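Okay, thanks for making room for me today. Let me put the structure up, and then I'll walk you through it.

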Amino acid sequence: MALITFTSKGIYCKQGDFYIDPWKPVKLAVTTHGHADHVKWGNDVYLCHELTKPVLLHRLGADLKIQTLRYGEEITINGVKLSLHPAGHVIGSAQIRLEYKGEIAVVSGDYKVADDGISTAFEPVKCHTFVSESTFGLPIYKWQPQEVIFQQIRDWATQNQAQQKTSVLVAYSLGKAQRLIHGLSGNEPIYVHQSIANLNDAFVAAGVKLPQTVRITTDIRKEELQQGIVIVPPALADGRWIKNLQQAATGVCSGWMQVRASRRWRSADAGFALSDHADWPGLLSAISATSAEKVFVTHGFTATFSKYLNEIGIPAEEVKTQYGQEEDDAPLTDQVPEYTEETKEHTD
Ligand SMILES: [Zn+2]
Ligand SMILES: [Zn+2]
């Protein structure tokens, strides 16, 4: 009997009788992280990392029943040993390791291999069965070192300031926003939209150290914003608020910005390919580090990526899930590239 199966409610462990990131309500939802496509409202009990708890309380409501674990801490549920290990995706994100009668399975949720300095760095976990995302599972997705991207953002902001423009960065409130705040320290003041400020407050209350930011309120004058960097979630990117700034330059921070067509997203002036997901080499290195005998590919370029794994001798299978519809997983444009000879060429 396999340790994990894929059901209409989500990833299920029959031996332990619990689900991982289910999309329908269940008794026990083991939760990898707080992005909306991985955690839904309505489960009896949630089990997650202690730093995912403030996210769930903030997003899903204060009356949730939540049990928390630290990384590496082990519990046993109906004879199945369960522990959480850093996924490096966003603050609190965890890979779920299950062990039963010598059989080990790891469900990674979303992950990134590069250490962003704020989400605990990804740790490979040896297992027999590994469940992987493939959001950026095409060879064209190969990230530049984050220092390079952050320097590009700083240079862009300096240029905007010289032209009396306000630098507005568009970034998801969970993950990308905290990463930008951390990576841009030294470029204060950093102004954040209230949805980001509220989440940051929840993290700080839970003991996370975040650099100082300024919550955007109506008292802040537009001239003031020009002296710093403004971070807003994508929902606001086209909004009246930015248009009212008159002299605003918007920069979108997302892995999708790696591809030229995506850079024309909405009215963005600049695109920065900063992603909280593993790139193509990252996915491959992470998978090989697990020594898994079987890989299930859940969301992203599932067909291409699982086909490639099979070609290089790692048995892999594509599975249909409901992940990848929201937040950083979801393409910002319809112009998602196909895996063709042309896209293949770009890798070196
Ligand atoms: Zn995610
Ligand atoms: Zn995801």
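**A walk around the model**

I'll start with a single lysine: K294 is partly exposed, with a relative accessible area of 26%. K294 sits in strand 18, which covers residues 294-300. Now look at where the chain begins. K294 and A2 are 292 residues apart along the chain, and yet 11 Å is what separates their C-alpha atoms. Before I go further, please keep in mind that this is a predicted model.

Okay, overall layout. The domain assignment splits the protein chain into domain 1, made of 5-141 plus 276-344, and domain 2, which is 146-272. If you take the centres over C-alpha atoms, domain 1 and domain 2 are 27 Å apart.

Now the metal site. Which residues hold the zinc ion that is ligand 1? On the protein side, the donors are H33 through NE2, H35 through ND1, H89 through NE2 and D110 through OD, lying 2.2 Å from the zinc. In sequence, those donor residues follow the spacing H-x1-H-x53-H-x20-D. For those of you who set up metal parameters, here's the bit to look at: the angles among the four donor atoms of ligand 1 run from 89 to 164°, and the site comes out as irregular. Why irregular and not tetrahedral? Four donors count as tetrahedral if all angles lie between 85 and 135 degrees, and the range here goes up to 164°.

There's a second zinc to talk about as well. D110 bridges ligand 1 and ligand 2, both zinc ions, and the two lie 4.1 Å apart. H33 is in the loop between strand 4 (28-30) and strand 5 (45-49), while D110 is in the loop between strand 10 (103-107) and strand 11 (129-134), so this pair ties together parts that are 77 residues apart in sequence. And are H33 and D110 buried or exposed? Both H33 and D110 are buried.

Next, empty space. How many cavities of 30 Å³ or more does the count give? Three. The largest cavity has a volume of about 40 Å³. Its lining is I11, D21, H38, V107, G109, V131, T298, H299 and Y323. By class, that lining has four nonpolar residues, four polar ones and one charged.

Pockets, then. I picked the second largest one, with about 240 Å³ of space in it. Among the residues lining this pocket are H193, Q194, T217, K222, W241 and N244. Two elements give two or more residues to the lining, namely helix 5 (222-225) and helix 6 (240-244). Sorted by class, the second largest pocket is lined by six nonpolar, five polar and one charged residues.

Let me move on to backbone geometry, for anyone who wants to check dihedrals. Where's the cis peptide bond I have in my notes? It joins E188 and P189, with omega at about 5°. P189 is in the loop between helix 3 (176-183) and strand 13 (190-192). G186 is placed in the loop between helix 3 and strand 13 too. At 63% relative accessibility, G186 counts as exposed, since the cut-off for that is over 50%. Going back along the chain, G186 and S173 are 13 residues apart, and 21 Å separate their C-alpha atoms.

A couple of positive phi values, too. D17 isn't a glycine, but its phi is positive, about 55°. You'll find D17 in the loop between strand 2 (11-13) and strand 3 (18-20), and at 31% relative accessibility D17 counts as partly exposed. Then there's N78, another residue other than glycine, with a positive phi near 50°. N78 lies in the loop between strand 7 (74-77) and strand 8 (80-86). With 53% relative accessibility, N78 counts as exposed.

Last stop is Q151, which lies in helix 2, residues 146-162. Q151 has 40% relative accessibility and so counts as partly exposed. How far is the C-alpha of Q151 from that of E133, 18 residues apart along the chain? The separation is 29 Å.

Right, that's my tour. If you take one picture home, make it D110 bridging the two zinc ions. Happy to take questions.

Technical notes
Residues numbered from 1 in each chain as written. Chains lettered and ligands numbered in written order. Predicted model: local features only at pLDDT ≥ 70, side-chain atom pairs only at ≥ 80, totals over all residues. Heavy atoms only, no water. Donors = N, O, S within 2.8 Å, 3.2 Å for Na, K, Ca; no water. Tetrahedral: all angles 85-135°; square planar, octahedral: opposite > 155°, others 65-115°. Helix = DSSP H or I, 4+ residues; strand = E, 2+ residues; numbered from the N terminus. Buried < 20%, exposed > 50% of the residue type's maximum accessible area, 1.4 Å probe, protein only. 1 Å grid on protein atoms, 1.4 Å probe; cavity = no way out; pocket = protein on both sides within 12 Å on 5 of 7 lines; lining within 4 Å. Points joined across faces, edges and corners; volume = space filled by probe spheres on them. Nonpolar A, V, L, I, M, F, W, Y, C, P; charged D, E, K, R; others polar. Domains from an automatic or database assignment.
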